[in-house]
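Subject: Structure handover and notes

Hi,

Here is the structure I promised to pass on to you. Have a look at it first, and then read on for what turned up in it.

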Amino acid sequence: MINVAVVGFGARAPEPVLNLLQKLAASTASDDNASSITIKPYGSQQIQHSLSKPPYRVLQRHSNATISSLSSSNDDSSPNSSFSLVLFCSPTTADYLQTGTNGHEGAKFSRTLCTSSTALVYVYDPLFETLTSNTDSLIAALTTTPTPANNFNSESMLALSKLDVKAANQLSSTGKKDTVIIVGGGGREHALCVALAKSPLVGKVIAAPGNGGTAAEPNPKIVNVTGSHAGKQDNATILALVKLHNADMVVVGPEQPLVDGLVDELKVAAPQVRAFGPTKAAAELEASKAFTKDFLKACDIRTASYENFTSCDEAVKYVSNLPDDHRVVVKASGLAAGKGVLIPETKFETIAAVKEIMSNKSFGSAGDTCVIEQFMTGPEASCLCFCDGKTAKLMPAAQDHKRANDGDQGLNTGGMGAYAPAPCVTPQMQDEIEEMCQKTVTKMAQNGTPYVGVLYAGIMCTPDGPSMLEYNCRFGDPETQVVLPLLETDLYEVFMACCDGTLEEVDVRFRDGIAAATVVCAAKGYPEKYPKGMKITGIEAANELENVKVYHAGTKIKDDATVCSGGRVLAITGTGSGLKAAVKTAYNGVSKIDFVDTSDNSSHLHNRTDIAHRAISKKLRIGVMGSTRGTALIPLLEALAANELNAEIVAVVSNRSAAPILDKGRALGPTVTTKFVSAKDLSRAEYDAECTSVLVAAGAEMVILVGYMRILSPEFCRFWENKCINVHPSLLPKHGGLMDLEVHQAVLDAKETESGCSIHMVTEEVDGGEVIIQKKVAVDAGDTAETLKAKVQKQEGLAFIEAIAKFSKTSISYADAGVDIVAGANLVEMIKPACKRTRRAGCDADLGGFGSLFDLSAAGYAGDDVVIVGATDGVGTKLRIAQGAKIHSGVGIDLVAMCVNDLIVTGAEPLFFLDYYATGHLDVHEAAEVVKGIAEGCYQAQCGLVGGETAEMPSMYAPGDYDLGGFAVGAVRKPNILPANVKTGDVLIGVPSSGIHSNGFSLVRRLLAKEGLDWNDVAPWGVGGETVAENLLTPTKIYVRALMPLVKKGLMNGSAHITGGGLLENLNRSLTDTTNAEVNFHPPLTPVFKWMQQASGLGDEEMLKTFNCGVGFVLIVDADKAQAALECLKEGGEEGFLMGKLVPGSGDKEVLVTCKLE
């Protein structure tokens, strides 16, 4: 196996690297086309996606690990031992210099391997798009002609050393660090300051005018403008600041300076300064919604149908002629601080909205032109992209909350919170939106107004795909506060590339598997009248929390305190491994914050408490793979249509072009990807990789197999591990590996009384994954394979519904994990009466406490010479017969017998008993039957059933399976401990067994299978018409009442409980070093043991080592007490018989049998 680490490629997926990996996979493929290569991406998410698509079709591990985990000693792919090849993408200088980044960590890791490992290290140079060595020689070195690693790694070391030269130049005394001016004073600008200050290329970040947060930011690089320029951000002020501070870059935050032509003035007055932001002409995309709508139409970018109006009368006339049920959105075309969009619900409200914008001038001159467009439905997303005039690179989609109050109620605001990535934007949508933005950038360049800066696309995810609502020409607020914390690439490096037109050369990389959420803390009353000047408390405490950052908006410093100066005051951002974790972290930060009116100590903070509520409870996205009609899918489709499940189907894929299941996919509408994937000329792994690329692009989070007639590759199973389920038409593990009618025929051939279906996890072992749901049907006498199939198929859809319900729940209870607490409580109530029957002196046998008490004195065992004795045992594979035949009452007695009989051997009287019942799914009635049997056993043994544990563990046991453990405690006085005084001449007395008891059942079950016998067949050893199961499940005899009188009368020197190992390997345990046992009589074999010997062909010695052969206990007694012992046994209901005596021995403790079994 060749293990490959792909390190630090981020959003890059260069063709030379993909070709190398594909060739390497092909060169290691075996005869069955299974590749012997494992590829694990570290900080290389795009490699992962690109490899699964044509023409590469190479699946690797699903998870994209962080580069920092490479050096973890706990990682299962520690570099010192497991990697054959490391492909490392050479980072930029800024990335290399910044500790903790992919570039820094990856270079450190690669350099270590070059000098101290047998792994081959290849470095990819993104600037020249080359690898350090010839790929053919590399493949040969890894496969056919092993070559010392240092022959290859020397070139990689040279490439890595160039990074040090570049870094040294950057850090030298002549290497000036840049000064950046940020225009603006909101939360967006604070976030920009923080992100830019992290860059090793930046020496100072000046906020103009900034806010209380940028003034108090712990990073000394960040400062606010002071002196005569303080509090200003007009064009003249910015030009003066550029000159005063010899600035290298100006980043424009708000839209107004862009529309006012700040970038244009900078190009004239300070052409040497990089200006991040569009020109006035390019900013028309935000300044005029009418311009944008016409532009989108010209670019053939999907958007709502619309009309532009400059006359209020014309607009009103247009609305009046619309059908009554035709809803529209009314927009002020110009800049309106994010509030110029009205969404009326009736024609009357629409006309009023037009007049509010155009006649009443509620939004000033922004309403000189009015846009009326079709009302669309679907979730909205904020999609920001970096632009350099030629190229657009999309950031993770975000979603914000505009309404002031929980439940999206209240007035519109500038934004009360946001989160990213937005789950509603699938990878396929992400590609479509980036293409829209790229079209825009290309068209703007063709029009002579190249777009540089951030392009903010307001997107609605409609049933027909993503549709453009509007463009903004700057970072969003509060979206910036959630997108920038996810950025891995040096932000300043990205901004420079945008300004220089070299964005294509920069790897814009975001943290994989991490989400961010921000909660806006506003002044009470916002967005209407609100107070100012409240003291803000808890900022430091919030910032000290792990993964929390407080961004300031409406704040200022007054008398050394931070106070409120605006409506939206703070944005508390949390990050985490998933959206739920990020939201929780953000709210942990919010809990530390308050806005206090110092005059009366009243609180004036308002925040929403439901940020990301819809995303957190979003629907589970399901991909379906099928080859046939997909009958089992119909109930699931009906449940989804009725909104009975929090899930949706996003893709249907088939390996057969005419499969009717594809029609079911097409009927779901254009939002569902429905595709036939041809397997022609593809290996199994390549085909599965192509299917995976379709599913991933559609946003599938889980895959269900419905009548899928292909064996899945190991690569597919690993990629979708714990995310792919299948339905099998049997009660697994029975009949696993069989398909269609042969499954049902196998059920009939086995004479089973029930069958059904199983929903199970898909693993590399066919039908071997964890069982999630089982549905059962009765097998009737007249059933054929076809009729049984029809019965089972009706259950398959219902089983899928239950399985999807489990996976799609947004909160997980103990019951969802397969544990039914109520059932457990019901069980306790059902068994209490049976347990109370076992009361004895010393205990009350009550259940439900944390522990059970036993009074030794009350039981007659007071004093210092009392010894406590414990014994534990189980029932073994006899349980398989009980479970198969559904006869459970006897195994509880078996459990008690196996423990208390062992106590007798020590001379101890059983006092109390505890049980352990473990199952995959708690069937209350079945468990009650078992425990009532345990109680019956305790009653026979005269010991109290004082407690037990019922453990429901669906991940450990299959449904219908259970296991038992028993624990018995007894007491004996020291002088009475057995064995004692065992000697030559003592007599052996046998006591009959009740049958096979609880040992030897692995062999018994094999013999039954060999002879073709079912549990329900009449036992061939002829016992009054009993079935096989009824006879074999005869409980183990409990000898307490028969033998304890002998113990108390001192008639026994020792004894042996004949269990596993039979007579020969149990009796010897009670012998001394000077004695052997001579057995000269054995009672005739009962019918069941005769049959076992005949069916197995075992000789006498093997029989006596395997089964009890009709003797359940052997007593060792003085010869002169033998008759008294036999009489005492008879009084206790047992007929004992002499079996032999003890003879001199030499330390071997042998059991010598001189008679034959008959």
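Contact, as used in these notes, means heavy atoms within 4.5 Å. One thing to know early is that this is a predicted model, in which local features need pLDDT of at least 70, side-chain atom pairs count only at pLDDT 80 or more, and totals for chains, interfaces and linings use all residues. Residues are numbered from 1 along each chain as its sequence is written, and side-chain values use heavy atoms, with hydrogens and water left out.

Helices (H or I, at least four residues) and strands (E, at least two) are DSSP runs, numbered from the N terminus. Buried means under 20% relative accessible area, exposed over 50%, and partly exposed in between, with a 1.4 Å probe and protein chains only.

**The cores**

A nonpolar core here is a set of buried Ala, Val, Leu, Ile, Met, Phe, Trp, Tyr and Cys residues joined through side-chain atoms within 4.5 Å. The largest one has 98 residues, and Phe913, Leu1032, Met1092 and Leu1115 have the most contacts inside it. Helix α30 (residues 889-905) is its top contributor, giving 10 residues. If neighbours within four places in sequence are set aside, the contacts of Leu1032 include Ile881, Phe1001, Trp1021 and Met1092. Another core, of 51 residues, lies apart from this one, and Val273, Leu285, Cys385 and Tyr451 are among its members.

Helix α34 (residues 1040-1048) has Val1040, Ala1042, Leu1043, Met1044, Leu1046 and Val1047 buried. What do the buried residues of α34 pack against? Their partners are α30, β40, α31, β46 (1111-1117) and α37 (1122-1131). Gly1050, just after α34, takes a positive phi of about 70°.

**The four-stranded sheet**

Two strands pair if DSSP finds at least two bridges between them. An open sheet with mixed pairing is formed by four strands, in the order β39-β42-β40-β41. Its edges are β39 (866-873) and β41 (944-952), each of which pairs on one side only. For the angles, axes are lines fitted to C-alpha atoms, for helices over the stretch in contact, and angles run from 0 to 180 degrees between N-to-C directions. On average, and with direction ignored, neighbouring strands of this sheet are turned by 15° against each other.

Strand β40 (residues 909-919) runs parallel to β41, and eight bridges join the two. Phe912 stands opposite Gly944 in β41. Helix α31 (residues 924-941) lies across β40, β41 and β42 (962-973), at about 170° to β40.

**The five-stranded sheet**

Another open sheet has five strands in the order β8-β7-β6-β9-β10, with parallel pairing. β8 (222-224) and β10 (274-276) each have a single partner strand, so one side of each is left without a neighbour in the sheet. Here neighbouring strands are turned by 20° against each other on average, direction ignored. Three bridges link strand β7 (residues 202-209) to β8 in the parallel sense, and Ile206 stands opposite Val223 in β8.

Helix α11 packs on this sheet, touching β6 (178-184), β9 (249-252) and β10, and its direction makes about 170° with that of β9. Helix α18 (residues 491-500) also packs on the sheet, where it touches β6, β7, β9 and β10, with its direction at about 105° to that of β10.

α11 (residues 262-269) packs with helix α9 (residues 235-245) as well, at an angle of about 35° and with axes 10 Å apart. On the α9 side the contact is made by Asn235, Ile238, Leu239 and Val242, and on the α11 side by Leu262, Glu265, Leu266 and Ala269.

**An enclosed strand**

Why is strand β35 (residues 702-706) largely enclosed by the rest of the structure? Because five of its five residues are buried. Met702, Ile704 and Val706 cover one side and Val703 and Leu705 the other. β35 pairs in the parallel sense with strand β32 (residues 620-626) over five bridges, and three bridges join β35 to strand β36 (residues 724-728), also parallel. Leu705 stands opposite Met625 of β32, and its bridge partner in β36 is Asn726.

**One proline**

Pro635 lies in helix α22 (residues 633-641). At 23% relative accessibility, Pro635 counts as partly exposed. Its C-alpha is 9.5 Å from that of Ala799, although the two are 164 residues apart in sequence.

Best wishes
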